[in-house]
Amino acid sequence: MTPRFLGPFLFTATLSLSVIFWAPRPSAAQSGQPSRARLINGYEPSWWKEAVVYQIYPRSFQDSNGDGIGDLKGINSRLDYLQKLGVNVIWLSPHYDSPNADNGYDIRDYRKVMTEFGTMADFDEMLAGIKKRHMRLIVDLVVNHTSDEHRWFVESRESKDNPYRDYYFWRPGKVGPDGKMQPPNNYMSVFSGSAWQFDPATNEYYLHYFAVKQPDLNWDNPRVRKEVFDIMRFWLDKGVDGFRMDVIPFISKQPGLPDLTPEQKDAGAVWANGPHRDEYLQEMNREVLSKYDDMSVGEAAGITLGQEPMLVDDRRHELNEIFNFDAVRINRAGKHYVSWALSQFKAIYTEHDRVLGKHDWDTVFLSNHDNPRLVSSFGDDSEQFRVPSAKLLETLLMTMRGTPYIYQGDELGMTNYPFKSMDEFNDIEALNGYRDEVQGQHTVTEEAYIENLRHMSRDNSRTPMQWDDSPNAGFTSGSKPWLAVNPNYKAINAAQAVADPDSIYNYTARLIALRAKTPALIYGDYKDLDPQHAHIFVYLRTLGNEKYLVVHNFSSEPIAYKLPAGLKAGKTVMGNYGGDESATATLHLKGWESRIYKQ
Ligand code: TEU
Ligand code: CA
């Protein structure tokens with residue numbers, strides 16, 4: 001029992017300790033506190049806060065040599081299309097040499113371009129093309145794990161005393177109650193099965209949070225951290241403007257790698273909270289990121305909203321922003337599709353507003369290469385409402401506080417794919433799950449498994465970009481794209497969209513232009529005006545006397561919506577149905593109608 005008098009001292013001690021622990025270490029730059037004058041609504045202005053990011057999944061963007069696989073020359077040939085849309089930063093999913101067990105997220109050589117994607121000269125030409133058009137490029141940094149074909153791992157598995165052995169996590173198995181050898185602990189891979197692979201070469205297991213061909217790197221080994229920092233400098237010195245960092249919170253493993261306890265249901269949360277996570281991110285910032293005018297966005301699976309400031313508070317010198325998955329994952333429980341209520345969804349943004357302060361910055365996204373299509377998941381991809389609901393969702397992304405992300409094809413309202421059978425899938429996550437759950441444990445029928453994939457599979461977002469109504473949607477001049485083109489490409493394609501002033505593409509371009517010239521939509525305060533309404537999402541963005549009212553009807557039913565608290569709508573700025581119902585307290589909204597007013 002702690003002697004009583006110690007109590008208060010202990011209390012103040014821990015608080016002060018936590019303050020010391022929590023209090024960000026004033027960096028050199030910090031001594032020159034940014035003059036308040038320069039702050040906008042208390043925020044330090046930055047190009048990456050004002051940017052709109054466009055994510056390219058290179059395998060599916062544009063093929064230039066007819067082999068059915070997208071490539072860097074293909075991207076280069078479409079840069080005018082992106083410049084016209086008005087995006088400022090391109091995030092390129094992995095373009096590095098890889099055996100593609102997980103489509104590039106398994107890297108064999110960090111300084112070499114994937115053969116299918118082209119050459120380093122193609123990369124340099126693409127980068128130059130991006131810069132010439134006043135855009136920036138961030139590349140994907142996948143350093144929680146490598147490919148098992150990376151020379152470090154090839155060396156590491158040679159022998160227990162190989163100099164690269166400690167670049168990865170090797171452990172002896174343990175004898176189970178049935179006397180049989182079993183993995184070192186009960187970690188399960190994200191892609192089904194144990195997270196440990198036995199290697200007869202040295203009779204030990206190696207750790208892989210993802211696929212067997214994606215062994216985890218041991219960041220506790222300072223040589224590994226140095227290797228990573230050198231790789232980052234290699235690309236930054238080439239003129240790249242920053243990194244999207246793959247599962248970056250996972251880099252610090254739990255000491256001793258104990259079993260997950262029954263209470264630890266969410267392995268990701270355990271994997272994301274290792275003891276050295278912040279220390280290593282601060283070292284990365286000190287050694288590399290702080291030395292360039294760059295942008296760093298971390299994919300932060302396992303990090304709760306409450307923890308977000310620990311990674312993005314600019315006084316902690318770790319990352320600029322992270323992807324928190326609360327919103328994009330509202331429609332799933334584990335890997336299963338679930339329905340969701342708008343009030344739940346709205347509450348997430350109110351929480352983000354409450355938790356994140358002036359030294360923090362957020363991302364705003366509802367789609368990427370790991371999630372199903374935006375309009376199919378959060379809108380209504382029926383004939384009647386696909387266009388208005390896609391425009392509504394882009395309006396939401398461009399009027400929330402945080403850096404917005406567009407995933408390739410969202411600007412066209414591309415939809416989920418009508419998958420019918422397992423042979424149409426390519427994604428290792430879908431195929432491994434099928435092997436284990438349908439064929440292995442028979443815990444789910446084939447039809448039910450595919451039905452869930454129709455809603456959830458990552459392959460929904462990986463079908464080739466639909467450029468026009470020619471064969472294979474103009475994605476490839478070859479006969480067989482690596483993944484089938486969505487059969488609705490004749491109706492949904494870029495050529496049609498660019499030519500149609502009322503298209504989702506041109507509407508999104510106008511939204512991006514509005515945001516770029518409206519600081520209130522970037523740095524302004526956020527207030528949800530009707531959190532409990534089941535179908536209406538209405539909020540204010542305010543910066544000084546600049547006030548914008550944004551209202552969305554998240555249903556296909558028309559609604560005569562009376563604004564709360566005697567509020568009247570101001571002057572119409574934009575609306576996805578056109579029209580000009582302004583200076584009124586009641587708004588007659590069509591299905592999936594979205595409007596922006598200047599108050
Ligand atoms: O994704 C990590 C991650 O969160 C996903 O694995 C996700 O949990 C799952 O796919 C949901 O369906 C990153 C990359 O974005 C992903 O493409 C890679 O497969 C993964 O890491 C491993 O590198
Ligand atoms: Ca190609």
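What spacing do the donors of the calcium ion (ligand 2) follow along the chain? In this predicted model, the spacing is D-x1-N-x1-D-x1-I-x1-D.

**The calcium site**

Five protein donors are named for the calcium ion (ligand 2): Asp-63 (OD), Asn-65 (OD1), Asp-67 (OD), Ile-69 (O) and Asp-71 (OD). Their distances from the ion run from 2.2 to 2.3 Å. Asp-63 has a relative accessible area of 6%, and because buried means under 20%, this donor counts as buried. Asp-71 is likewise buried, at 3% relative accessibility.

**The chain as a whole**

The fold comprises 19 helices and 24 strands. The radius of gyration is 25 Å, close to the 25 Å that the globule rule gives for 599 residues, so the chain is as compact as a globular protein of that length. The C-alpha trace extends over about 75 × 75 × 50 Å along its principal axes. Buried residues make up 58% of the 599 in the chain. When contacts between residues at least 6 apart in sequence are considered, 68% of them join residues at least 24 apart.

The exposed surface of the chain amounts to about 23,800 Å², of which carbon and sulfur atoms supply 56%. Charged side chains number 66 positive and 80 negative, and the centres of these two sets are 5 Å apart.

**Helix H10 and its cover**

Helix H10 spans residues 277-287 and is mostly covered, with 8 of its 11 residues buried. The buried residues are Arg-277, Asp-278, Tyr-280, Leu-281, Gln-282, Glu-283, Met-284 and Asn-285. Which elements are included in what covers the buried residues of H10? Among them are two strands, E5 (136-141) and E11 (242-245), and two helices, H8 (222-237) and H11 (308-312).

**Helix H8 and the loop before it**

Asn-221 is placed in the loop between strand E10 (204-207) and helix H8. This asparagine is buried, with a relative accessible area of 7%. Apart from its neighbours within four places in sequence, Asn-221 is in contact with Asp-166 and Tyr-167.

Val-224 belongs to helix H8 itself. At 1% relative accessibility, Val-224 is counted as buried. Not counting residues up to four places away in sequence, Val-224 touches Tyr-167, Leu-217, Asn-218 and Trp-219. Tyr-167 thus appears among the contacts of both Asn-221 and Val-224. Although Val-224 and Tyr-167 are 57 residues apart along the chain, their C-alpha atoms are separated by 6.2 Å.

**Strand E14**

Ala-333 lies in strand E14, which covers residues 332-333. Is Ala-333 buried or partly exposed? Its relative accessible area is 43%, so Ala-333 is partly exposed. Between the C-alpha atoms of Ala-333 and Ala-484 there is a separation of 28 Å, the two residues being 151 places apart along the chain.

**Accessibility of individual residues**

The table collects the relative accessible areas given above.

| Residue | Relative accessible area | Class |
|---|---|---|
| Asp-63 | 6% | Asp-63 buried |
| Asp-71 | 3% | Asp-71 buried |
| Asn-221 | 7% | Asn-221 buried |
| Val-224 | 1% | Val-224 buried |
| Ala-333 | 43% | Ala-333 partly exposed |

Methods:
Residues numbered from 1 in each chain as written. Chains lettered and ligands numbered in written order. Predicted model: local features only at pLDDT ≥ 70, side-chain atom pairs only at ≥ 80, totals over all residues. Heavy atoms only, no water. Donors = N, O, S within 2.8 Å, 3.2 Å for Na, K, Ca; no water. Buried < 20%, exposed > 50% of the residue type's maximum accessible area, 1.4 Å probe, protein only. Helix = DSSP H or I, 4+ residues; strand = E, 2+ residues; numbered from the N terminus. Rg over C-alpha atoms; globule rule 2.2 N^0.38 Å. Contact = heavy atoms within 4.5 Å. Areas by Shrake-Rupley, 256 points an atom, 1.4 Å probe, with all protein chains shown as cover. Lys, Arg positive; Asp, Glu negative; His and termini not counted. Charge placed at Lys NZ, Arg CZ, Asp CG, Glu CD.
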